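Dear colleague,

I am passing on the structure we talked about, so that you have it to hand while you read. My notes on what was found in it follow below.

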Amino acid sequence: MKSVIDRYGRAKEEQQHVANPNSELKFWQREAASLRQQLHNLQENHRQLMGQDLSGLGVKELQTLENQLEMSIRCIRTKKDQLMIDEIHELNRKGSLIHQENMELYRKVNLIRQENAELYKKLYETGAETEANRDSTTPYNFAVIEEANTPARLELNPPSQQNDAEQTAPPKLG
């Protein structure tokens, strides 16, 4: 703030002395000197904040420096805590979305299982009708064997054994 006020004062002086080139040269020399001093002060302050060049400081300056560092640490921790809280909220939101997606997939899996159970039931009903028609002329028939929670297996079964006399008899033509 002080440097802004100083610049304002110098700029006002410059406007008054625009006609004189020596005044303008002196103005810019003062401005450059002021900026060099500010740079030096900032570098010194930075070194002190980093714990270097503390030998020339008294107790009061060290206490002020310590207070500045503690305040800086509080600000840093507050910012870090806020970032972590925001990240936790974002992860919770993503977790909730994943949970909803998981529930939807679980619902779809259950729906497919129900459809499969209905298809198995229909398959067995037609399988019972097939057993009733065992006297068909095909030499083989198909059977479905079901076990709980396993996919359907189709097997080819040989025809049921008839008595030996019927097997050896030639087919009737006719």
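Is Arg47 buried, partly exposed or exposed, and what is its relative accessible area? Arg47 is partly exposed, at a relative accessible area of 28%. Please keep in mind throughout that this is a predicted model.

Salt bridges

Three salt bridges are present in the structure, and Arg47 takes part in one of them, its side chain meeting that of Asp53 with an N to O distance of 2.7 Å. The partner, Asp53, is likewise partly exposed, with a relative accessibility of 47%.

Another of the bridges joins the side chains of Glu90 and Arg93, for which the N to O distance is 2.6 Å. These two belong to helix 3, which covers residues 59-132, and because they are three residues apart there, about one helical turn separates them. Arg93 has a relative accessible area of 43% and is therefore partly exposed, while Glu90, at 33% relative accessibility, also falls in the partly exposed class.

The remaining bridge links the side chains of Glu104 and Arg107, with 2.5 Å from N to O. Here too the spacing is three residues within helix 3, so that Glu104 and Arg107 are about one helical turn apart. Glu104 is partly exposed, having a relative accessible area of 34%, and Arg107 counts as partly exposed with a relative accessibility of 46%.

The backbone at Asp53

Asp53 deserves a second look when you go through the model. Where does Asp53 sit with respect to helix 2 and helix 3? Asp53 lies in the loop between helix 2, which spans 21-49, and helix 3. Although Asp53 is not a glycine, its phi is positive, at about 55 degrees. For context, most residues other than glycine have a negative phi. The residue with this positive phi is thus also the one whose side chain meets that of Arg47 in a salt bridge.

The annotated segment

Finally, there is a record to set beside the model. UniProt, in an unreviewed entry, lists residues 25-52 as a "coiled-coil region", an annotation that may be inferred rather than shown by experiment. In the predicted model, the span 25-52 is 89% helix and 0% strand, and the C-alpha atoms at its two ends are 37 Å apart.

With best wishes

Technical notes: Residues numbered from 1 in each chain as written. Predicted model: local features only at pLDDT ≥ 70, side-chain atom pairs only at ≥ 80, totals over all residues. Heavy atoms only, no water. Salt bridge = Lys/Arg side-chain N within 4 Å of Asp/Glu carboxyl O. Buried < 20%, exposed > 50% of the residue type's maximum accessible area, 1.4 Å probe, protein only. Helix = DSSP H or I, 4+ residues; strand = E, 2+ residues; numbered from the N terminus.
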